[in-house]
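Visitor: I would like a close look at a single part of this model, taken slowly and set in its surroundings. Please choose a helix and go on from there to the side chains that deserve attention.

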Amino acid sequence: AAFNVKPQGRRLDLFGERRGLFGVPELSAPEGFRIAQENALRKADLLVERVCSMPPGPQTVLIFDELSDSLCRVADLADFVKIAHPERAFREAAEEACRSIGTMVEKLNTNVELYQSLQKLLADKNLVDSLDPETRRVAELFMFDFEISGIHLDKEKRKRAVELNVKILDLSNTFLMGTNFPNKIEKHLLPEHIHRNFAVTGNHVIIDGLHAEAPDDLVREAAYKIFLYPNAGQLKCLEELLSNRDLLAKLVGYSTYSHRALQGTIAKNPETVMEFLEKLSDKLSERTVKDFEMIRGMKMKLNPQNSELMPWDPPYYSGVIRAERYNIEPSLYCPFFSLGACMEGLNILFTKLLGITLYAEQPAKGEVWCEDVRKLAVVHESEGLLGYIYCDFFQRADKPHQDCHFTIRGGRLKEDGNYQLPVVVLMLNLPHSSRNSPTLLTPGMMENLFHEMGHAMHSMLGRTRYQHVTGTRCPTDFAEVPSILMEYFANDYRVVTQFARHYQTGQSLPKNMVSRLCESKKVCAAADMQLQVFYATLDQIYHGKHPLRTSTTDILRETQEKFYGLPYVPNTAWQLRFSHLVGYGAKYYSYLMSRAVASMVWKECFQQDPFNRAAGERYRREMLAHGGGKEPMLMVQGMLQKCPSIDDFVSALVSDLDLDFETFLMDSE
């Protein structure tokens, strides 16, 4: 009910005391960010002094974590506010706080005395042996952060490392900006009848994306060739970014940037990643060829005079095949997926699996940044309150478009023995309710909600001693496992039938509609996965051995031909739009690997009974509780009760593509 009605009752409280954002007293006004950041910086100075003047021991790691916590509590909150707050003054104050905390973190990462206090601990074998595994891992992670600043090197090299870090940050920002920058072309160069598909200013047509869903082949072709036309500045920026990353990695002792980026992940090293991608590509190849044949057949049917399959075709034509074969018009499904029903579905699932209930709480005045933000308390049947999730679910002007999960405060064990409760925000872009109906979700939005809630539960259920490894602060190729696993629940009829009710009639969503939806997702799924393999391979080569054998565009062409199969289009440079190279450099494979792990966990533990409480408890104990405080492969092993091989991962991904025969029988009944 809390999610299907508009929030009431804020307007009356004119004289109530105004609390700060997230209940932080200072943040009732933008100026509060300055106070919060100054307090954090003061506390940091005291902690640095304290840790540098005491003998090494487990206490060293605790103080390091407290130091990290005092800075993260301001920086994480500010990171969110600077992009999401509707008021400009708050956004700017948060931006400023991020900068000043960032400068402090850089200073700390190059503070030799601070480094030595940790180094003394890790160099003393007896001391290290006396640490519990989590404390030891956290100490090593802090050390790893230090070493990327080159602190273990001589003074000249240290200076060089700091310069490279700054330069990489600048190049990353410039490259990111360039990935979205539109291209323009003179009007007369494009056929008149397709102008209306694009923005036009004066004599130019502006192309701001690939228009992958446009039904007109010519529109997609023009968008592809113009949007991906190489920009010399962006090309230079990418080349410099890759070579500076390589220089930094070599300076601090790694043979390639990829070797450095993969420390501590499930994959551990680039050789394993490449083995995974090559084996997956081999296993997919026959299915991908079949998918391309099917897509080509549809193109031939709709456009006989021009039926060669090009890279701008698959997204559109696979959609056509899906619609024709399965009739999954979103408007048929939306009435069954009101936001309230979906939230109730999550609540039912978490109660059955984990003994956890979500309660909607009324936020205090000033605690939220927009009045349609809902606050959920996450409560366990015997352990009580576990943390808070703020749901910022609705569209508004200037709100970023991507769905994401933000940690506002990490969980950790405090000195007084109490647990600091985690606080997170889930941000989605759902339509508002209307006069006649609540907010209705398409099946895709419903799946996204479950996905993001997987991240939130990872944050809520992490019970790490240290906030440095709380919840989703774990290796990238493990971080998506809990969220992707939730997609399997969202696509299971036994789960969906618990909550999908027509908002007017109360009728349950018919089983064959759920089956059709699930099977429709497998249409051309091999070709989609093959595309991901191509992107991941490209990312590995770019961050592998330098100097690169040839230009980034030549590498793109070779990799596309070998790992995707559709021809490279001359005078295009897709890599200049590959924004993930910034945040996921050398780690783009993570999504595929996380999906493989999630698929195995689903099949081994939940497929038989998605509400199995014992499996839910094991999942919490083995995987969610540790955040990033335990080696990821050990968590996977604990959950699956065996050590999976690369071949197991590949088989799990490929078997997900097979059609479910039970569905065909059921649909034909």
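**A helix and its surroundings**

Guide: In this predicted model, the buried residues of helix H3 are Phe90, Arg91, Ala93, Ala94, Ala97, Cys98, Ser100, Ile101, Met104 and Leu108. Helix H3 runs over residues 88-109, and its 22 residues reach 31 Å from the first C-alpha to the last, close to the 32 Å expected at 1.5 Å a residue. The cover over the buried residues of H3 includes helix H1 (32-52) and helix H2 (58-84), together with helix H4 (112-123) and helix H6 (133-148).

One of the buried residues of H3, Cys98, leads to the matter of the cysteines. The structure holds 0 disulfides, and cysteine 72 shows how this comes about for one residue, because its closest cysteine sulfur, in cysteine 98, is 11 Å away, too far for a bond, where a disulfide would need the two sulfur atoms within 2.5 Å. Cysteine 72 itself counts as partly exposed, at 22% relative accessibility. Cysteine 474 is likewise in no disulfide, the nearest cysteine sulfur being that of cysteine 72, at 15 Å, and cysteine 474 is buried, with a relative accessible area of 14%.

From the cysteines one can turn to the aromatic side chains, of which the structure holds 26 pairs. In one of these, phenylalanine 534 and tyrosine 535 are tilted, with 5.4 Å from centre to centre and 45° between the planes, and both phenylalanine 534 and tyrosine 535 are buried. Tyrosine 535 also pairs with tryptophan 574, and here the rings are stacked, 4.1 Å centre to centre with 5° between the planes. This second pair links distant parts of the chain, since tyrosine 535 belongs to helix H20 (residues 525-542) while tryptophan 574 lies in the loop between helix H21 (552-563) and helix H22 (580-583), 39 residues apart. Tyrosine 535 has a relative accessible area of 14% and is therefore buried, and tryptophan 574, at 15% relative accessibility, counts as buried too. Phe534, Tyr535 and Trp574 belong to one aromatic cluster, which also takes in Phe292, Tyr564, Phe578 and Tyr588.

Two further rings have a charged side chain over them. The charged end of arginine 577 sits over the ring of phenylalanine 227, 3.6 Å from its centre, and lysine 375 lies over the face of tyrosine 388, at 4.4 Å from the ring centre.

Methods
Residues numbered from 1 in each chain as written. Predicted model: local features only at pLDDT ≥ 70, side-chain atom pairs only at ≥ 80, totals over all residues. Heavy atoms only, no water. Phe/Tyr/Trp six-rings, centres within 6.5 Å; stacked < 30°, edge-to-face > 60°. Buried < 20%, exposed > 50% of the residue type's maximum accessible area, 1.4 Å probe, protein only. Helix = DSSP H or I, 4+ residues; strand = E, 2+ residues; numbered from the N terminus. Lys NZ or Arg CZ within 6 Å of the ring centre and 35° of its normal. Expected span 1.5 Å × (residues − 1). Contact = heavy atoms within 4.5 Å.
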